[in-house]
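Student: Could you show me how to read pockets and ring contacts in a model of this kind? I would like the general idea before each case.

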Amino acid sequence: MLGCSGLEVSALGLGCMGMSHGYGPAADKQEMIGLIRTAFEMGVTFFDTAEVYGPYVNEELVGEALAPFKGEAVIATKFGIQIIDGKPLLDARPETIRMSVEGSLRRLGVEAIDLYYLHRVDPNVPVEDVAGAVKTLVEQGKVRHWGLSEAGGETISRAHAVLPLTAIQSEYSMMWRQPEEALLPLLQELGIGFVPFSPLGKGFLTGRFDKSATFGKDDFRSTVPRFLPENLDANQVLVELVRRIATDKGSTPAQIALAWVLAQKPWIVPIPGTTKLHRMKENLGTVEVVLTGEELADLNNALARIAVSGERYSAEYAKAVDK
């Protein structure tokens, strides 16, 4: 249950961005449709996309894949970033929101968007104006719930006062625990759910990358300081910790990383993404992995002694993150 909103979803969602954007060339469309449908058949009811992924084609993919399951699957998409002359531009003006929602509804093939996030906070538009525009969409029956992505505490409180938020989406994993400091307590206080993206540290926590790893220009990680060779090497100590626990539990590193996120709060729903069917099935196996209170405490004590090397975003990209 995402906060106090009444929106119920599966314990794990599926992040669909990487199927057409962000992590290299787009995957085969029919294969991705099959993967999404298999995920639903295995119990996933929560699927995450965005207007800007692709751009636009990811929503079409998700809409086509989930067409047979209308009313059963919960689709989250995002607004607030426009592509102008090939570059992303923050734009959360009410008139742009009204235009964006029509495009998303059409591409997704739905009558209402289950969860509509502001993708990034637009410093040029008061968040109260954004909330007011979304409130009108809710009244019109075009949106059921709304949320914010990568938003700071003050922005969340101001938005929530105008139209109660269902969920906040931000990065959270063993590699990035900053949300524990102020964000999670605020969400607990306000009754808002939390949807962590990159719960596997953009793939790092699976143990697949060492200092020799390379990333193409169309792979977002090629711009991320965390994935520089020296940081990949320095952070292997974290991989070794996760791998050791996975061996003891008879599971995989990815499952331990996801189980750790799930164990934090009952209203946290991570959305690991993948283009590989066997990885998706592996991720879903996490629900069978239980970390006891003692195991979780031991793991957290070990994590506290590890200093993660490298920022999660480039300096340019970090400018779009609301503090």
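Tutor: On a 1 Å grid over the protein atoms alone, a pocket is an open set of points where a 1.4 Å probe fits, with protein on both sides within 12 Å along at least five of seven lines, and its lining residues have an atom within 4 Å of a point. A volume is the space filled by probe spheres set on the points, which are joined across faces, edges and corners. The model is predicted, so local features need pLDDT of at least 70 and side-chain atom pairs pLDDT 80 or more, whereas totals for chains, interfaces and linings use all residues. Residues are numbered from 1 along each chain, and side-chain values use heavy atoms, without hydrogens and water.

Student: How much space lies in the second largest pocket, and which residues lie nearest its centre?

Tutor: The second largest pocket holds about 460 Å³, and among its 22 lining residues Trp176, Gln178, Arg312, Val321 and Asp322 lie nearest the centre.

Student: Which aromatic pair links distant parts of the chain?

Tutor: Rings of Phe, Tyr and Trp (its six-membered ring) pair if their centres lie within 6.5 Å, with planes under 30 degrees apart stacked, over 60 edge-to-face and the rest tilted. Of ten aromatic pairs in the structure, one is the tilted pair of Tyr172 and Trp260, 5.4 Å centre to centre with 40° between the planes. These two residues are 88 residues apart in the chain, and ring pairs link Tyr172, Phe194 and Trp260 into a cluster.

Student: Is Tyr172 buried or exposed?

Tutor: Buried means under 20% relative accessible area, exposed over 50% and partly exposed in between (1.4 Å probe, protein chains only). Tyr172 counts as buried because its relative accessibility is 0%, and Trp260 is likewise buried at 0%.

Methods:
Helices (H or I, at least four residues) and strands (E, at least two) are DSSP runs, numbered from the N terminus.
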